[in-house]
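Q: Please take a close look at one part of this structure, the aromatic cluster, and describe how that part is built and what lies around it.

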Amino acid sequence: MTGGVVVRPGVPGDAAGVVAHINEVAREGPNLVIDAAEHDADGERAFIESLDPAFYAYLVAEDRQRIVGTCFVSRGTTPRLMHVASLAMAVSASHRRAGLGSRLLAAALAWAGERGVRKVVLSVLGDNEPALNLYRKFGFREEGRRQGMFAIDGRYVDEVLMALEIASGDARKARSESESLVTV
């Protein structure tokens with residue numbers, strides 16, 4: 001399903017599509033820590049416009065002019081944290097388990113490595129096995145777990161904190177894997 005999907009940097013004109021995508025994923029089930037309608041197009045547009053590309057990457061996956069995936073990477077902006085980036089990602093149900101998450105993640109890791117990031121961190125719901133498996137496939141390891149952090153549909157779900165230590169060679173490998181897929 002990802003053959004015709006283009007992974008590219010997001011632009012302000014993507015705001016409405018990004019909001020529609022995030023709301024769609026939020027409504028599909030409890031895979032995100034936010035609820036639908038927490039974003040609006042004007043706010044998202046202003047957010048995208050405000051991003052400094054030295055510290056932030058906002059990647060989108062587009063299939064026939066529809067946003068079907070997003071990956072946001074935020075690098076530390078202070079000297080003590082510039083070696084660390086945090087990552088958040090969402091893929092539409094229609095495009096899951098077809099390699100799109102891997103493409104977005106490879107592009108994000110390449111972007112981070114090219115900027116001297118040594119560690120990428122993320123948070124994922126403890127019961128989201130497909131996401132946990134994807135991150136483990138890329139070498140992320142669990143660094144911690146916050147028990148019952150989220151109340152979702154009447155149950156408490158753990159937040160799993162994961163991290164990947166990357167070296168310049170890892171960044172080159174990720175870039176090589178994603179070169180034909182995205183221009184960052």
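A: The account below begins with the chain as a whole, turns to the aromatic cluster, and then follows the elements around it.

The model is a predicted one. Its protein chain contains five helices and seven strands, and from the N terminus on these elements follow the order β-α-α-β-β-β-α-β-α-β-β-α. The chain has 184 residues, of which buried residues make up 46%. Among the contacts with a separation of 6 or more, 64% are between residues 24 or more positions apart.

A search of the whole structure gives five aromatic pairs. One aromatic cluster is formed by Phe47, Tyr56, Tyr58 and Phe72. Within this group, Phe47 and Phe72 make a tilted pair, with 5.4 Å from centre to centre and 55 degrees between the planes. Phe47 belongs to helix α2 and Phe72 to strand β3 (residues 66–75), so this pair ties together parts that are 25 residues apart in sequence. Phe47 is partly exposed, at a relative accessible area of 33%. Phe72 is likewise partly exposed, at 22% relative accessible area.

Phe72 also pairs with Tyr58: the ring centres are 5.8 Å apart and the planes stand at 65 degrees, so this pair is edge-to-face. The assignment follows from the cut-off, because planes over 60 degrees apart count as edge-to-face. Here the connection is between two strands: Tyr58 lies in β2 (residues 56–63) and Phe72 in β3, so the parts tied together are 14 residues apart in sequence. Tyr58 is buried, with a relative accessible area of 10%. Phe72 thus takes part in a pair with Phe47 of α2 and in a pair with Tyr58 of β2.

Helix α2, which carries Phe47, also packs against another helix. Helix α1 (residues 15–28) and helix α2 (residues 41–50) meet at an angle of about 115 degrees, and their axes are 8 Å apart. Their crossing is right-handed. On the α1 side the contact is made by Ala15, Ala16, Val18 and Val19, and on the α2 side by Ala41, Glu44, Arg45 and Ile48. Sorted by class, this contact of α1 with α2 comprises six nonpolar residues, two charged residues and no polar ones.

Strands β2 and β3, which hold Tyr58 and Phe72, also contribute to the largest nonpolar core. This core has 33 residues, and the members that touch the most others are Leu87, Leu104, Tyr135 and Phe140. At least two residues each are supplied by β2, β3, β4 (84–91), α3 (100–114), β5 (119–125), α4 (129–137) and β7 (155–165). Helix α3 gives the largest share of the core, eight residues. The surroundings of Leu104 can be listed: leaving aside residues up to four places away in sequence, Leu104 touches Val7, Leu59, Val60, Ala61, Gly69, Thr70, Cys71, Met89 and Val91. A second core, separate from this one, has eleven residues, including Val25, Ala26, Leu51 and Ala90.

Two further residues concern strand β2 and the loop that follows. Asp63 is placed in strand β2 and counts as buried, at 7% relative accessibility. Between Asp63 and Val7 the separation is 56 residues in sequence, while their C-alpha atoms are 9.1 Å apart in space. Gln65 lies in the loop between β2 and β3. Although Gln65 is not a glycine, its phi is positive, at about 65 degrees. In contrast to the buried Asp63, Gln65 counts as exposed, at 76% relative accessibility.

A positive phi occurs again in another loop. Asp153, a residue other than glycine, has a phi near 50 degrees. Asp153 is placed in the loop between β6 (141–152) and β7, and is exposed, with a relative accessible area of 69%.

To return to the cluster, its members are Phe47, Tyr56, Tyr58 and Phe72. Phe47 and Phe72 are tilted relative to each other, whereas Tyr58 and Phe72 are arranged edge-to-face. As for accessibility, Tyr58 is buried, while Phe47 and Phe72 are partly exposed.

Note on methods: Residues numbered from 1 in each chain as written. Predicted model: local features only at pLDDT ≥ 70, side-chain atom pairs only at ≥ 80, totals over all residues. Heavy atoms only, no water. Axes fitted to C-alpha atoms, helices over the stretch in contact; angles between N-to-C directions. Helix = DSSP H or I, 4+ residues; strand = E, 2+ residues; numbered from the N terminus. Left-handed = near helix turned anticlockwise from the far one by under 90°. Contact = heavy atoms within 4.5 Å. Nonpolar A, V, L, I, M, F, W, Y, C, P; charged D, E, K, R; others polar. Phe/Tyr/Trp six-rings, centres within 6.5 Å; stacked < 30°, edge-to-face > 60°. Buried < 20%, exposed > 50% of the residue type's maximum accessible area, 1.4 Å probe, protein only. Core = buried A, V, L, I, M, F, W, Y, C linked by side-chain atoms within 4.5 Å.
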